[in-house]
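Hi,

Here is the structure I promised to pass on. Have a look at it first, and my notes follow underneath.

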Amino acid sequence: MLLWAPRALLTLLLPTLLAQGEAQQGRNTTKPTLLRLSDHLLANYKKGVRPVWDWRKPTTVAIDVIVYAILSVDEKNQVLTTYIWYRQHWTDEFLQWNPKDFDNISKLSIPTDSIWVPDILINEFVDVGKSPNIPYVYVRHHGEVQNYKPLQVVTACSLDIYNFPFDVQNCSLTFTSWLHTIQDINISLWRSPEKVKSDKSVFMNQGEWELLGVLTQFQEFSIDGSIYYAEMKFYVVIRRRPLFYVVSLLLPSIFLMVMDIMGFYLPPDSGERVSFKITLLLGYSVFLIIVSDTLPATAIGTPLIGKAHSEGRAQAGEKPAPSHLLCVSFPTPGPAGIYFVVCMALLVISLAETIFIVRLVHKQDLQQPLPAWLRRLVLERIAWLLCLGEQTTSRRAPTTCQASKADDCSATENHCGHLGGSLDLEKNPRGKCSPAPPPQEASLAVTGLLQELSSIRRFLEKRDEIREVARDWLQVGSVLDKLLFRIYLLVVLAYSVTLVMLWSIWQYS
């Protein structure tokens, strides 16, 4: 009797349970396949746990970077802003299914916030860019998760502008897990390094900077030698297009330097040369004030008118990228812009040389005669060295004073003798045939006339002597002016050739 009661109760409840099960199965078959698959994958999913069945197995994340645009290069703050397409994929062992059970679906997009995502960051990040939010990822049936997203990356970069505007910059983007060690998360490259390096398919190539390539390097980083992190470095190598800066900065400066050289053909004894060179110097100063905002500046270096090296993780123990991988050499920052400073210095030297020559050949009454040693050095040796021919100079001895004294004495004796003869005639009785003596007033007039003529003669001789001295100094100034001009021209040519060679090497290195 006791055994019969449970059987009767089961017989009464069984139809009811079967009816409820059929109804539930009918409701399940009416759900969309994508919804059923999503519920199946996320029903008991825990995104806070790394998705592996064996905790000893690391999760390998393959990453890829495609540079889309170079937005800005801030030399003063050492910041590079780029826009990249970032891709990564990894295997989630908890997100797997059989496509036959779900209408042959092999790929599904699910919210990023619902699954585990690796904590891979860029070490050089200095600011949060304006990147769009992509809320979904793709999941394939074998568990591969694909995460694609565009990023505006604002990173620190060691920018060297020594050879501006022909500079090449090399900035690194270091992707690494901030927390997980290499035993938990390993990083690999999605594509081959050759494809990553030469990929310019989406790069906007119309800006100031030209993309030369993206180099890659994998390394294991350790702080204390016991815990290692996986790092993948992408070296973005860019080169500035110099045409705008050559036209707006270099050519005006070159034209001013050419005009300064042409100013040497003005006569050295004219004051126009000094005023002309002062005008050039003032014009160059105004030009530098105008272009000062165009020149880049940093706290550690200034441009030659204006190689770059990468900055990795700012932690101790990091090894630099090998030279065969970077393919770029990086000099030490040199002495705003050195080119403009040297040009300004050359203009000042040219003005100082002009002032010296003008002062040398300036005519003055108290100018000393040309020393014999200076005549031999400048008018003979330097003139012969410059192939200027023989420089004729006056070698007249300064005997004007003695000659003037002798002339005065002879004139006085003649005058005295004439007066003595007149007195003798007055004492002796005059004969009938003797001429009448000249009056005394006429003798005094003749004496004054002789003195005036002697003064005029001395003045003319003194003027000729001053002119000869001035002519000697003018010849010395002319020879020294040609010597200094040739030295100045050689310095300018050597400086120009050096700059052209350096810029050519930097441009095609």
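Let me start with a spot in the chain where distant parts of the sequence meet. Setting aside neighbours within four places in sequence, Leu346 is in contact with Met257, Tyr488, Val491 and Val492. Leu346 itself sits in helix 7, which covers residues 338–361. Buried or exposed, then, for Leu346? Buried, because its relative accessibility is 7% and the cut-off for buried is under 20%. Tyr488 is 142 residues away from Leu346 in sequence, yet the two C-alpha atoms are 8.2 Å apart in space.

Before going further, a word on confidence, since this is a predicted model. The average pLDDT for the protein is 78, and 74% of the residues score at least 70. Two stretches deserve caution. Over residues 307–336 the pLDDT stays under 50, and the model has 76 contacts beyond four places in sequence for that stretch. Residues 397–432 also stay under 50, with 15 contacts beyond four places in sequence. Where pLDDT is low, the predicted coordinates should not be read in detail, so I'd leave the particulars of those contacts alone.

Now the helix pair. How do helix 4 and helix 5 cross? Helix 4 (residues 243–262) and helix 5 (residues 272–291) have axes that come within 10 Å and cross at roughly 170°. Anything over 145 degrees counts as roughly antiparallel, so that is what helix 4 is relative to helix 5. On the helix 4 side, the contact is made by Ser248, Leu249, Pro252, Ser253, Leu256, Met259 and Asp260. Helix 5 contributes Phe276, Lys277, Leu280, Tyr284, Phe287 and Val291. Sorted by class, the contact between these two helices has nine nonpolar residues, two polar and two charged.

Helix 2, residues 33–42, is worth a look too. Which of its residues are buried? They are Leu37, Ser38 and Leu41. Looking down the axis of helix 2, these buried residues fall within an arc of 100°, and therefore they line one face of the helix. Strand 3 (107–111) is among the elements that cover them.

Strand 3 also brings us to a loop with some backbone oddities. Most residues other than glycine have a negative phi. Asp103, though not a glycine, has a positive phi of about 55°. Asn104 also has a positive value, with phi near 60°. Asp103 lies in the loop between strand 2 (79–91) and strand 3, and Asn104 lies in that loop as well. As for accessibility, Asp103 counts as exposed because its relative value is 59%, and Asn104 is exposed with a relative accessible area of 60%. The cut-off for exposed is over 50%.

On the strand 2 side of that loop, take Thr81, which lies in strand 2. At 10% relative accessibility, Thr81 counts as buried. What does Thr81 touch, leaving aside neighbours within four places in sequence? Its contacts are Ile70, Leu71, Ser72, Gln152, Val153 and Val154. Leu71 is 10 residues from Thr81 in sequence, with a C-alpha to C-alpha separation of 5.4 Å.

One last residue to click on is Glu194, in helix 3 (residues 193–198). Glu194 is exposed, with a relative accessible area of 57%. Val214 is 20 residues from Glu194 in sequence, and their C-alpha atoms are 9.2 Å apart in space.

If you open only a few views, I'd go for the helix 4 and helix 5 contact, the buried face of helix 2 and the loop holding Asp103.

Cheers

Conventions:
Residues are numbered from 1 along each chain as its sequence is written. This is a predicted model: local features need pLDDT of at least 70, side-chain atom pairs count only at pLDDT 80 or more; totals for chains, interfaces and linings use all residues. Side-chain values use heavy atoms; hydrogens and water are left out. Buried means under 20% relative accessible area, exposed over 50%, partly exposed in between (1.4 Å probe, protein chains only). Helices (H or I, at least four residues) and strands (E, at least two) are DSSP runs, numbered from the N terminus. The arc is that of the directions from the helix axis to the C-beta atoms. Contact means heavy atoms within 4.5 Å. Axes are lines fitted to C-alpha atoms, for helices over the stretch in contact, and angles run from 0 to 180 degrees between N-to-C directions. Angles under 35 degrees count as roughly parallel, over 145 as roughly antiparallel, 65 to 115 as roughly perpendicular and the rest as oblique. Ala, Val, Leu, Ile, Met, Phe, Trp, Tyr, Cys and Pro count as nonpolar, Asp, Glu, Lys and Arg as charged, and the others, Gly among them, as polar. pLDDT is the predictor's confidence in each residue, from 0 to 100.
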